[in-house]
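Here's a quick tour of a protein chain for anyone who likes to look around a fold. Have the viewer open and follow along.

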Amino acid sequence: MKLISENRAFGGTHCRYTHHSHTTHCDMTFAVFLPPFATTVNPVPVLYWLSGLTCTDENFMQKAGAMKLAAELGMAIVAPDTSPRGEGVADDEKGAYDLGLGAGFYVNATQEPWKANYQMYDYITQELPELIEDNFPVTGERAISGHSMGGHGALVIALHKPERYVSVSAFSPVSNPTECPWGHKAFSAYLGDDVAAWKQYDAAHLLAQQQHYIPILVEQGKQDQFLNEQLKPEALISAAQKSDTQLTLNMHEGYDHSYFFIASFIEEHLQFHAANLGLI
């Protein structure tokens with residue numbers, strides 16, 4: 001790992017690192033916030049945050065206002081980038097914001113030219129936690145959250161691997177990507193025409209298949225400009241009812257898709273995860 005920057009924040013430390021990934025076959029960047037007194041003799045649990053389209057590791061750390069309460073709770077936060085990047089990494093030929101760089105969708109791509117680098121599912125679930133747990137004073141206890149495309153990623157990952165995460169939450173997630181334009185575009189490019197493969201990365205589909213016991217919390221703004229066409233939170237409600245899974249979905253009047261929305265409710269999510277991590 002190579003340290004990019006280090007800043008003191010709320011008695012803890014915020015750092016950005018780059019490292020060469022054997023999963024995505026390129027250099028990846030992530031940010032980590034360590035609360036005060038996190039040491040090898042006093043390791044802390046980790047909240048993994050997955051950001052949305054066009055974002056990097058920096059958006060959440062700088063805009064969400066999460067570090068103050070995380071410091072008080074004794075919780076580390078890890079924010080990876082949203083896609084592979086660098087020379088030779090495939091990108092949309094037309095420079096679209098919803099495919100390619102900044103738009104990894106947290107899947108393992110199977111199609112050319114994407115599959116060489118776009119293995120974000122394995123990077124988030126395997127390589128990154130191993131790197132964090134080998135190099136920082138953290139425990140093996142994890143929670144996961146995210147926004148928009150990252151909310152989709154957090155839900156899909158937690159539903160596939162509930163043994164690895166104690167809780168999952170999402171802000172404005174792409175809930176049913178097999179039924180929305182963002183999902184159709186990304187999945188057809190990364191995964192090809194096999195709709196069965198698409199469904200393995202669809203939170204609503206996964207939620208409907210069986211009863212899940214991992215605690216799930218979702219926030220959604222009613223004035224979100226992507227609500228009806230792209231996000232479809234009603235699909236999560238229908239799926240949870242079908243599988244008899246406990247799901248909390250809070251709809252908020254007047255809130256949009258921005259980080260103003262995330263900052264307004266991030267403390268409730270940190271407390272939700274802290275409770276499931278045994279911190280409170």
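Helix α3 buries Met120, Tyr121, Tyr123, Ile124, Thr125, Glu127, Leu128, Pro129, Leu131 and Ile132. One thing to keep in mind is that this is a predicted model. As for what sits over those buried α3 residues, the cover includes the strands β2 (12–21), β3 (26–34), β4 (44–50), β5 (76–80) and β6 (138–147), along with helix α4 (149–160). Helix α3 itself runs over residues 120–135 and bends by about 30° at Glu127, with a proline, Pro129, following within four residues. Glu127 and Pro129 also both turn up among the buried residues of α3.

Now for some backbone oddities. Glu112 and Pro113 are joined by a cis peptide bond, with omega at about 0°. Pro113 belongs to the loop between β5 and α3. Two residues that aren't glycines have positive phi values, and here they are side by side:

| Residue | Phi | Loop |
|---|---|---|
| Phe10 | about 55° | between β1 (2–9) and β2 |
| Ser148 | near 60° | between β6 and α4 |

Is Ser148 buried or exposed? Its relative accessible area is 3%, so Ser148 counts as buried. The two elements flanking its loop, β6 and α4, are also among those covering the buried side of α3.

Further along the chain, have a look at Ala235 in helix α9 (residues 234–243). Ala235 has 15% relative accessibility, so it falls under the 20% cut-off and counts as buried. Which residues does Ala235 touch, leaving aside neighbours within four places in sequence? Those contacts are Asn176 and Ala204. Leu207 is 28 residues away from Ala235 along the chain, and their C-alpha atoms are separated by 9.6 Å.

Zooming out, the protein chain has 10 helices and nine strands. Its radius of gyration is 17 Å, close to the 19 Å that the globule rule gives for 280 residues, so the chain is as compact as a globular protein of that length. The C-alpha trace spans about 50 × 45 × 35 Å along its principal axes. Of the 280 residues, 61% are buried. Among contacts with a separation of 6 or more, 72% link residues 24 or more positions apart.

On the outside, the accessible surface comes to about 11,400 Å², and carbon and sulfur atoms account for 48% of that. As for charge, the chain carries 16 positive and 32 negative charges, and the mean positions of the two sets are 0 Å apart.

Definitions and conventions: Residues numbered from 1 in each chain as written. Predicted model: local features only at pLDDT ≥ 70, side-chain atom pairs only at ≥ 80, totals over all residues. Heavy atoms only, no water. Rg over C-alpha atoms; globule rule 2.2 N^0.38 Å. Buried < 20%, exposed > 50% of the residue type's maximum accessible area, 1.4 Å probe, protein only. Contact = heavy atoms within 4.5 Å. Areas by Shrake-Rupley, 256 points an atom, 1.4 Å probe, with all protein chains shown as cover. Lys, Arg positive; Asp, Glu negative; His and termini not counted. Charge placed at Lys NZ, Arg CZ, Asp CG, Glu CD. Bend = angle between axes of the 7 residues up to and from the residue.
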